[in-house]
2 protein chains.
Amino acid sequence: MSSNGFELPLRLLLAFKMLIDELHAELAREGHPDIRPMYGFVMQAIGPDGTTAVELGRTLGVTKQAAGKTVDNLERIGYVERTTDPRDSRRKLVRLTPHGMDALDRSARIFDTLRTRWAAELGEDRLNALESDLRRMTPDNPWRLDIPGWFGTL
Amino acid sequence: MSSNGFELPLRLLLAFKMLIDELHAELAREGHPDIRPMYGFVMQAIGPDGTTAVELGRTLGVTKQAAGKTVDNLERIGYVERTTDPRDSRRKLVRLTPHGMDALDRSARIFDTLRTRWAAELGEDRLNALESDLRRMTPDNPWRLDIPGWFGTL
DNA sequence: CATGATAGACAACCTGGTTAACTATATGGG
DNA sequence: CCCATATAGTTAACCAGGTTGTCTATCATG
């Protein structure tokens, strides 16, 4: 039956893509039509306290230049702002704007809703098992393992 | 516990990334160091009978230009070759070279091995359940639903 | 046979990544 | 105190893969 090893990665990717697509469709409906898939990850990585381009690059596993460019784009569309650090004038703090905060909050809520939909379809037990299995097969700290770096170079 | 909806997409992506990374590490070891993640999908989509750039684009859900560029790259590193169709001199048949065939064969074998490793870790039953659940949540024909198109624009 | 559809190529641009080189600011040791 | 080194950020040039738009060549058909 499902002994074809090619199916597993494909289904994992498809499932991810579906969730992301649904997220963005809903975000667009809720007033965030310009959000791109990367941005959610980046804003999550910036966090409520802000960060700097270099630090952000380290967190995401990309170069500071790449992080800087992404911050440029986020700044251009009003999701983050840069302020100079008074205690170290080399640094520039990158922080989410209220608009960015709003997008992040909505993303979290939408993801919860999507998970609920999956639970309704598969049953809470099966979904818990699925998450548990994936957790077992993937690294512990999902965050800082160059996800976006990998996105791009795909 | 895991009621955080953000974890599901992240784990799906991480799991996919891990499989792909392991695939490429092994492919590199077996004489295919230049393969990029996209190429596997593209070669799979080309198939043993070959195709054309336009058709490939349709299959993958990207423009014919994008498909053409990717074929250029695959041609440059010797995985595919272009021959003109004698029956329609507008068309150029894209076919896998023996080198490309070899890469595709090895990919299939490696994916099977990786799946076996997952089965050893999770148990065959749990893995079957996982695949079944993913199958249930994703489109039927996984193939022609703009996977790569989505890759790039991420 | 002229017209419209199709295959492919080319150019310009976008995003997200890379290296490399540069400036400006901190910081710590002689 | 000052100089050397490390760090933050910017800019530039490039790559891969995607997009639109335009153009040519060929096919197929009324």
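This report covers aromatic pairing, one buried helix and the surface near DNA strand D in a predicted model.

## Aromatic pairs

A pair of aromatic rings is described by the distance of the centres and the angle of the planes. Over all chains, the count of aromatic pairs is 5. One of them links Phe6(A) and Phe41(B). Their ring centres are 6.4 Å apart and the planes meet at 55°, a tilted arrangement. Phe6(A) sits in the segment before helix H1 (7–29) of chain A, while Phe41(B) belongs to helix H2 (residues 37–46) of chain B, so this pair joins two chains.

Phe41(B) also pairs with Phe16(B). Here the centres are 6.5 Å apart and the planes stand at 50°, so this pair is tilted. Phe16(B) is in helix H1 (residues 7–29) of chain B and Phe41(B) is in helix H2 of chain B, so the pair ties together parts 25 residues apart in sequence.

## The aromatic cluster

Which residues form one aromatic cluster with Phe41(B)? They are Phe6(A), Phe16(B) and Phe111(B).

Are Phe6(A), Phe16(B) and Phe41(B) buried or exposed? Burial requires a relative accessible area under 20%. Phe6(A) has 15% relative accessibility, so Phe6(A) counts as buried. Phe41(B) has 7% and is buried. Phe16(B) has 1% and is buried as well.

## Helix H2 of chain B

Phe41(B) is one of the buried residues of H2(B). Of the 10 residues in this helix, 9 are buried, so H2(B) is largely enclosed by the rest of the structure. The buried set runs Pro37(B), Met38(B), Tyr39(B), Gly40(B), Phe41(B), Val42(B), Met43(B), Ala45(B) and Ile46(B).

What follows H2(B)? Gly47(B) comes just after the helix, with a positive phi of about 75°.

## A polar link between chains

Glu7(B) lies in helix H1 of chain B. Its relative accessible area is 17%, so Glu7(B) is buried. The side chain of Glu7(B) makes a polar contact of 2.7 Å with the side chain of Arg135(A).

## Surface near DNA strand D

How many residues surround DNA strand D? There are 27, and the closest are Lys64(A), Lys92(A), Thr63(B), Gln65(B) and Lys69(B). By class, the residues of this surface divide into 11 charged, 8 polar and 8 nonpolar. On the DNA side, 61% of the strand D atoms within 4 Å of the protein belong to sugar or phosphate, and the rest belong to bases.

Individual atom pairs add detail. Thr63(B) places a side-chain N or O atom 2.7 Å from a phosphate oxygen of DNA strand D. Val54(A) has a polar backbone atom 3.2 Å from a phosphate oxygen of the strand. Arg90(A) addresses a base: a polar side-chain atom lies 2.9 Å from a base oxygen of DNA strand D. The elements giving two or more residues to this surface are helix H3 (53–60) and helix H4 (64–76) of chain A, together with H2, helix H4 (64–76) and helix H7 (147–153) of chain B. H4(B) supplies the largest share, 6 residues.

Key. Residues are numbered from 1 along each chain as its sequence is written. Chains are lettered from A and ligands numbered from 1 in the order in which they are written. This is a predicted model: local features need pLDDT of at least 70, side-chain atom pairs count only at pLDDT 80 or more; totals for chains, interfaces and linings use all residues. Side-chain values use heavy atoms; hydrogens and water are left out. Rings of Phe, Tyr and Trp (its six-membered ring) pair if their centres lie within 6.5 Å; planes under 30 degrees apart count as stacked, over 60 as edge-to-face and the rest as tilted. Helices (H or I, at least four residues) and strands (E, at least two) are DSSP runs, numbered from the N terminus. Buried means under 20% relative accessible area, exposed over 50%, partly exposed in between (1.4 Å probe, protein chains only). A residue is near a molecule or strand if one of its heavy atoms lies within 4 Å of it. A polar contact is a pair of N or O atoms within 3.5 Å; within protein, one must be able to donate a hydrogen and the other to accept it, and residues adjacent in sequence count only if both atoms are side-chain atoms. Ala, Val, Leu, Ile, Met, Phe, Trp, Tyr, Cys and Pro count as nonpolar, Asp, Glu, Lys and Arg as charged, and the others, Gly among them, as polar.
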